[in-house]
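Reader: I'm new to reading structures, and I'd like to look closely at just one part of this one. Could you walk me through it slowly?

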Amino acid sequence: MKALVVRLTRENPGWGCRRVQGELIRLGHPVGSTTVWEILTSAGIDPAPRRGGPTWREFLTAQAEGVIGCDFVHIDLADLRRVYALVFPEHGTRRLNVAGVTSHPTGAWTVQQAKNLAV
């Protein structure tokens, strides 16, 4: 079993211990993920290899131009009324788009404001 675990990991360097465990179960070898973890650790192999892709920060920086958030902000007026503004912050430009302001936001109203912004 140890030789099979090590072989699967060496032939597939992107696989972690969970993936190796799943493949072993699929092949008819019921083994726990902790056992696979211990086998890989004792063999000097990282049980959770670092993937070759970008970090989360690098990904967000690269995608910032296309990321738009959505949030409701409540505003208390001088006459003690509360209104809600639907805002869409653009992460790339740091621009804040105010889509609309209402005292009673509903799902239909929110969808319509988002459609208006998209157009």
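Reader: Let's take strand 1 and strand 2. Which way do they run relative to each other, parallel or antiparallel, and which residue of strand 2 is the bridge partner of phenylalanine 72?

Author: Happy to. One thing up front: this is a predicted model, so let's start with how confident the predictor is. The average pLDDT for the protein is 90, and 97% of the residues score at least 70. You've picked a good spot, too, since confidence is highest in strand 2, at 96, while helix 4 (residues 56–63) has the lowest mean, 84. Keep a general rule in mind as you read: where pLDDT is low, predicted coordinates should not be read in detail.

Now your strands. Strand 1 covers 71–76 and strand 2 covers 82–89. They run antiparallel, and 6 bridges join them. To see how they line up, pick out isoleucine 75 and look across to strand 2: valine 83 stands opposite. Do that again from phenylalanine 72, and the bridge partner you find in strand 2 is leucine 86.

Next, follow the chain from one strand to the other. This hairpin has 5 residues between the strands. One of the residues in that loop is leucine 80. Its phi is worth a look: the value is positive, near 70°, in a residue other than glycine. Is leucine 80 buried or exposed? The cut-off for exposed is over 50% relative accessible area. Leucine 80 comes out at 79%, so it counts as exposed.

Strand 2 has another neighbour on the way out. Strand 3 (96–102) comes after the next loop, and it runs antiparallel to strand 2, again with 6 bridges joining the two. For a landmark, take phenylalanine 88, whose bridge partner in strand 3 is asparagine 97. There are 6 residues between the strands in this second hairpin, and arginine 94 has a positive phi there, near 60°. Arginine 94 isn't a glycine either. With a relative accessible area of 76%, arginine 94 is exposed.

Let's go back to phenylalanine 72, because that residue also takes part in a ring pair, and an aromatic search is the way to find it. Searching the whole structure turns up 2 aromatic pairs. One of them sits away from your strands: tryptophan 56 and phenylalanine 59 have ring centres 5.5 Å apart and planes at 25°, so they are stacked. These two are 3 residues apart in helix 4, which means about one helical turn separates them. The general point behind that is that an α-helix has 3.6 residues a turn, so residues three or four places apart point the same way. Tryptophan 56 is exposed, at 61% relative accessible area, while phenylalanine 59, at 37%, counts as partly exposed.

The other pair is the one that involves your strand. The rings of phenylalanine 72 and tryptophan 109 have centres 6.3 Å apart, with planes at 25°, so this pair is stacked as well. Here the partners come from distant parts of the chain, 37 residues apart: phenylalanine 72 belongs to strand 1 and tryptophan 109 to helix 5 (residues 107–118). Phenylalanine 72 is partly exposed, at 34% relative accessibility. Tryptophan 109 counts as buried, at 19%; the line for buried is under 20%.

For contrast, have a look at the helices that come earlier. The largest nonpolar core has 12 residues, among them Val5, Val20, Val36 and Ile39. Helix 1, helix 2 and helix 3 are the elements that give two or more residues to this core. Valine 36 is a handy place to zoom in, since its contacts include Val5, Cys17, Val20 and Leu24. In helix 3 (residues 33–42), the buried residues are Ser33, Val36, Ile39 and Leu40. They span an arc of only 120° around the axis, so they lie on the same side of helix 3. The opposite face carries the exposed residues Thr34 and Ser42. Helix 1 (2–11) and helix 2 (17–26) are among what covers the buried residues of helix 3. After helix 3 comes glycine 44, with a positive phi near 80°.

So, back to your question: strand 1 and strand 2 run antiparallel, and phenylalanine 72 has leucine 86 as its bridge partner.

Notes: Residues are numbered from 1 along each chain as its sequence is written. This is a predicted model: local features need pLDDT of at least 70, side-chain atom pairs count only at pLDDT 80 or more; totals for chains, interfaces and linings use all residues. Side-chain values use heavy atoms; hydrogens and water are left out. Helices (H or I, at least four residues) and strands (E, at least two) are DSSP runs, numbered from the N terminus. Buried means under 20% relative accessible area, exposed over 50%, partly exposed in between (1.4 Å probe, protein chains only). Two strands pair if DSSP finds at least two bridges between them. pLDDT is the predictor's confidence in each residue, from 0 to 100. The arc is that of the directions from the helix axis to the C-beta atoms. Contact means heavy atoms within 4.5 Å. Rings of Phe, Tyr and Trp (its six-membered ring) pair if their centres lie within 6.5 Å; planes under 30 degrees apart count as stacked, over 60 as edge-to-face and the rest as tilted. A nonpolar core is a set of buried Ala, Val, Leu, Ile, Met, Phe, Trp, Tyr and Cys residues joined through side-chain atoms within 4.5 Å.
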